[in-house]
Amino acid sequence: MSILKNSAIYLGAEVCSKCLPLLLLPYLTNKLGVQGFAELSIVLAAATYVLVAIGLGADRFVLKFVADGISRGRLVSAALKWFWLSSFILSVIGFFLYGVEGVIVVVYALSQASLMLMLSALQSKEEVGKYSGVQVGVSITSTVMTIIIFEYVSFGVNERLLIVAMSNSIFSLFLWSYVNSESDIEETFMIEKGGFFAFIAYSMPLVGYLLSSASKGQLEKIYFSYSASDEYIASYSLAFQLMTLYLYFYTSVNKALVPKLYSRLRNEGIDGRYFVKQLMIKFLLSCVIVLPVFFLPDFIFTLIFGDEFHSVSELFLFFSISTVLYLPYLMLLNTLLYFSKVYETSVYALAGVFVYFISLYFLHRYYPILVPLANLVSTFFVIVLMGYKVFCIERDIRNV
């Protein structure tokens with residue numbers, strides 16, 4: 001029951017926190033226009049890679065070592081040292097390459113990484129109420145500030161990025177003060193002198209996985225900027241953002257399940273039959289959730305977003321279908337990370353990116369409307385690799 005309760009709270013927070021930005025989409029498309037919205041989408045795609053360089057695997061670093069009894073305050077401090085160092089370096093590079101706009105992208109990515117880190121600290125102790133309150137608070141603050149500044153000051157891509165960064169930073173500072181006030185700091189973990197290097201050692205092997213996750217749905221926008229119209233890029237980006245509603249649901253369920261999964265793995269190890277059963281349940285649940293999209297009429301999208309976004313309906317349908325394997329994927333991923341199979345996870349993820357872009361190339365060339373299904377193909381490929389590795393781990397445990 002605690003899993004259902006926590007999943008419901010996480011989901012409620014995700015829906016409330018993400019509905020406002022999604023409801024803001026018609027306002028942004030109207031204010032920025034097709035060209036401006038396409039530009040925003042491309043900049044956000046580039047910012048995703050900056051976020052990977054800054055954030056690395058900080059959230060998973062905290063979840064992993066809090067489960068081993070380490071103070072989250074010390075873990076967060078270790079990660080923040082890397083955040084500040086990498087942000088400074090990237091800001092200098094961004095300024096010389098793109099001027100102030102490059103620095104703004106780095107500031108935006110730093111604020112996102114910091115907020116994700118602080119939220120993972122709350123998740124690690126299952127502080128569901130605080131976690132949810134912060135998510136909703138950030139969303140409301142960002143939305144209100146966007147409307148006020150767009151209406152009474154100025155509007156544009158840079159303004160939107162700075163507004164989100166400001167909202168993230170406000171809540172991150174409050175959370176840092178809260179997390180850092182903990183008293184459980186007497187550990188043997190090398191945080192004071194070696195925590196920074198412990199963070200690097202754990203997180204660097206995750207870069208392959210993080211880059212693969214960032215590439216799906218983002219890198220093709222940069223590619224499309226050279227090979228597709230602004231109208232297609234804007235429609236593709238809009239459909240992708242609408243699809244994230246499903247990802248928010250799956251992520252909410254996963255956030256509630258991770259502490260329980262880690263506890264089960266620690267106490268009972270891997271049970272093959274249990275895993276197969278859970279994977280099937282998650283797949284069927286995802287299929288049921290996606291089903292209503294088939295019955296959405298096309299005119300709803302053009303009515304809300306405008307006639308320029310007439311292809312959003314079909315793109316959204318195929319994006320939604322591409323998410324049905326996401327929950328099984330997350331379960332296998334969390335299992336491998338628990339057993340510290342970070343290198344293998346990154347290799348599988350990079351192989352998945354390779355399959356993704358091969359699928360993307362052929363679909364974009366021959367069936368452009370089916371491009372979102374490239375993610376489904378690559379996710380299935382990675383699940384097969386991960387599933388085999390989990391089977392090997394179970395076999396090794398039984399043979400000990």
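The largest pocket of this predicted model encloses about 550 Å³ of space. Its lining comprises 18 residues, of which Ala-46, Val-50, Tyr-98, Gly-102 and Val-105 are the closest to the centre of the pocket. By class, 13 of the lining residues are nonpolar, three are polar and two are charged. At least two residues of this lining are supplied by each of four helices, namely H1 (2-55), H3 (72-98), H4 (100-124) and H6 (157-179), and the largest share, six residues, comes from H1.

Two of the helices that contribute to the pocket lining, H4 and H6, also pack against each other, at an angle of about 35° and with their axes 8 Å apart. The crossing of H4 and H6 is left-handed, and the contact between these helices has 17 nonpolar residues, together with seven polar residues and one charged residue.

A further helix pair is formed by H11 (residues 272-290) and H14 (residues 326-338), which pack at an angle of about 145°, with their axes 8 Å apart. On the H11 side, the contact is made by Tyr-274, Phe-275, Gln-278, Leu-279, Lys-282, Phe-283, Leu-285 and Ser-286, whereas H14 provides Leu-327, Pro-328, Met-331, Leu-332 and Thr-335. In terms of residue class, the contact of H11 with H14 has nine nonpolar and three polar residues, with one charged residue.

Terms used. Residues numbered from 1 in each chain as written. Predicted model: local features only at pLDDT ≥ 70, side-chain atom pairs only at ≥ 80, totals over all residues. Heavy atoms only, no water. 1 Å grid on protein atoms, 1.4 Å probe; cavity = no way out; pocket = protein on both sides within 12 Å on 5 of 7 lines; lining within 4 Å. Points joined across faces, edges and corners; volume = space filled by probe spheres on them. Nonpolar A, V, L, I, M, F, W, Y, C, P; charged D, E, K, R; others polar. Axes fitted to C-alpha atoms, helices over the stretch in contact; angles between N-to-C directions. Left-handed = near helix turned anticlockwise from the far one by under 90°. Contact = heavy atoms within 4.5 Å.
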